[in-house]
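Let's take a walk through the aromatic side chains of this one. Have the model open and follow along.

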Amino acid sequence: MGKLPYQFTSQDIVKQGRTTQEHIDTIRAWLNSMQSKSLPEIQDELIVIFLLSCENDIPLTKNTITMYYKCKKNGPEIFDNWNMERLDLKQVMNVVRISSIPVRTDENYVIHYFKLQDTSYSKFELIPAMTASYMLLDIAQERYLPNGLIVIIDTKGVGLMHLTRIKLSALKKYLEFLQEGFPIQMKMIHIINTVSFFDKIMNLVKMFMKSELISMIQTHPPNASQERLFSIVPKKCWPADYGGDLLSVEELHKKTIQLYDQKQDFWALEEAIRKKCS
């Protein structure tokens, strides 16, 4: 069936001293065992991604791999058919501005940015927005693996009626993957231009969140100073809209759509490999 075309090799990561061949072989042996026969064939590059996301903790890596595929199997509405010809994905890319920021922090953390462009609640669809957010992971991990992820969500324009668009069953699946099967270390979630009813949003999502994830959420008031924003992540990582050194939010978003279009064959192959053993 072929391998996913990552632009790095497992040996590249071993040579960087970020994991070891022994760790890769240990996970490979486990994958070949009877206990994990329900999992698909996983290439070494993907094993490395899991190892780094778990700081080379072998038991945690095994659990993360198991949950990664379990969550994807149980959430086809979020994880299947990552095709940019889908009308709902086209719609969400018109409504939301998203980007895997092309410049990383000094710690090699990648930043994922989200903001409403069209604030009409009736046009916002949660499930394709969830899909689009997870699609960013494969963009970030295509070439040079980050050490962690920082999420920035600008809630300017979010209204109370947007809460009516939340589907709790999908939210539960989304957060289960984020906390149990996420193949990257989450570092912080920064909410900027925090809306006055953010506590109501948190009350909705807290029922599905562990304390570890809740502790990563940091809120920032509307119109926070550039000094405060640049203390979250450096100026070099901010779009021009916020006084940063990068292109505008709109230009970064357009580049993201281009990257998604280029990733279509990758996602089709990933789903085919994943479903071969289901």
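Start with a group of rings: Phe 50, Tyr 68, Tyr 69, Phe 79, Tyr 134, Tyr 174, Phe 177 and Phe 182 make up one aromatic cluster. Keep in mind that this is a predicted model. Across the whole structure, a search turns up 15 aromatic pairs.

Let's pick out one of those pairs, Tyr 6 with Phe 266. Their ring centres are 5.5 Å apart and the planes meet at 80°, an edge-to-face arrangement. Tyr 6 sits in the segment before α1 (10-15), while Phe 266 belongs to helix α13 (residues 264-276), so this contact ties together parts that are 260 residues apart in sequence. Both Tyr 6 and Phe 266 are buried.

Now back to two members of the cluster, Phe 79 and Phe 177. Here the ring centres lie 4.7 Å apart with 55° between the planes, so the pair counts as tilted. Phe 79 is in helix α5 (residues 76-79) and Phe 177 is in helix α8 (residues 168-181), so this pair ties together parts that are 98 residues apart in sequence. How buried or exposed are these two? Phe 79 has a relative accessible area of 2%, so it is buried. Phe 177 is buried too, with a relative accessibility of 2%.

Finally, have a look at charges over rings. Phe 266 turns up again here: the charged end of Lys 263 sits over its ring, 4.0 Å from the centre. Likewise, Arg 18 has its charged end over the ring of Tyr 144, 5.3 Å from that ring's centre.

Key: Residues numbered from 1 in each chain as written. Predicted model: local features only at pLDDT ≥ 70, side-chain atom pairs only at ≥ 80, totals over all residues. Heavy atoms only, no water. Phe/Tyr/Trp six-rings, centres within 6.5 Å; stacked < 30°, edge-to-face > 60°. Helix = DSSP H or I, 4+ residues; strand = E, 2+ residues; numbered from the N terminus. Buried < 20%, exposed > 50% of the residue type's maximum accessible area, 1.4 Å probe, protein only. Lys NZ or Arg CZ within 6 Å of the ring centre and 35° of its normal.
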